[in-house]
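Visitor: Could you walk me through this structure, step by step, as you would for someone new to the subject?

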Amino acid sequence: MPAKPIRRCPWADGDPLMRAYHDQEWGVPDYDSRSLWETLMLDGFQAGLSWSIILRKRDAFRKAFKDFDPKKVARFGEADVARLLENPGIVRSRAKIEATIGGARAYLKLKSEGTDFSAFIWGLAGGKPIQNSGRRLTKSPLSERISKALKDRGFKFVGPVIVYAWMQAVGIVNDHSPDCFRRKAVKRGRASATRG
C-alpha cells in the first residue's frame, strides 16, 4: 500500500528550505526571550519582502548581528551601521538596521526593569498558544495590542501585521492548516527540532 502523502500548510510545499522551516520551527511555541527577540527582529527585516529571503539570509544575519546577542547589538554605533549597510548577505536597510539596534536597547531596558521579554509577551497572549481554527489572519486584536506595547517600549518595525507573522512563527498562535500534519504536534507542544 502506498504511503499516505504528508499534508502541509500550502505555503510550505514548493521550496525545500521553507518546507524544512515549516516542519521543524514554524508555529512551535518558543519561550526563550533571546530567541523570541531574534525572530521579532528578523520579522522586522521581512517587512515588504518574503520570509524565504530572510530565511536564506538568516545565517548571515546572525553573523552580522553577533548571534543576536542583545548586549552586543545594543553597543553598535554608526561605524557598525555603515559596516552592515555594506554587507551583501543581509537586507541593507538603514531603517531596519537601526530598528534592530534600538530593539536590542529596548529589550535590555525591559530586562533592567525586571521584565523578562518572554514573560512579557506570553503574558499579553494569555500564557499559552492560541489555537486558530478559523481563516488565517494577517493581524488580530492581540497583534495590535502587542504591537502597541512594543512600540510604547521603543521597538520599531513591529506593526500589527509583522507582529502577527511573528506570533505565528513563534507559536503564540497555531495557524497550521486544519489538515496539516504539524497542527496537532504543535498544539501538544511537540517540536521535531529546536529553533535554527
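Guide: Let us begin with a term: accessible areas come from the Shrake-Rupley method with a 1.4 Å probe. Please keep in mind that this is a predicted model.

Visitor: What share of the area that the chain exposes do carbon and sulfur atoms supply?
Guide: The chain exposes about 10000 Å². Of that area, the part supplied by carbon and sulfur atoms comes to 54%.

Visitor: Which radius of gyration does the chain have, and why does it agree with a compact globule?
Guide: The C-alpha trace spans about 60 × 35 × 25 Å along its principal axes. Because a compact globule with 196 residues would have a radius of gyration near 16 Å, the value for the chain agrees with that expectation, and it is 17 Å.

Visitor: Which pattern does the chain follow when read along the sequence?
Guide: The secondary structure comes to ten helices and two strands. Read along the sequence, these elements follow the pattern α-α-α-α-α-α-α-β-α-α-β-α.

Visitor: Which residue caps the N-terminal end of α1?
Guide: Helix α1 covers residues 16-24, and its buried residues are Met18, Tyr21, His22 and Asp23. What covers these buried residues includes α3, α9 and α10. At the N-terminal end of α1, a side-chain oxygen lies 2.8 Å from the backbone nitrogen of Leu17, and the capping residue that supplies this oxygen is Asp15.

Visitor: How many residues does the largest nonpolar core have?
Guide: Leu150 is among the residues with the most contacts inside this core. Leaving aside neighbours within four places in sequence, Leu150 is in contact with residues including Leu40, Phe117 and Val163. The number of residues in the largest nonpolar core is 50.

Conventions: Residues numbered from 1 in each chain as written. Predicted model: local features only at pLDDT ≥ 70, side-chain atom pairs only at ≥ 80, totals over all residues. Heavy atoms only, no water. Core = buried A, V, L, I, M, F, W, Y, C linked by side-chain atoms within 4.5 Å. Buried < 20%, exposed > 50% of the residue type's maximum accessible area, 1.4 Å probe, protein only. Contact = heavy atoms within 4.5 Å. Helix = DSSP H or I, 4+ residues; strand = E, 2+ residues; numbered from the N terminus. Polar contact = N/O pair within 3.5 Å; in protein donor to acceptor, adjacent residues only side chain to side chain. Rg over C-alpha atoms; globule rule 2.2 N^0.38 Å.
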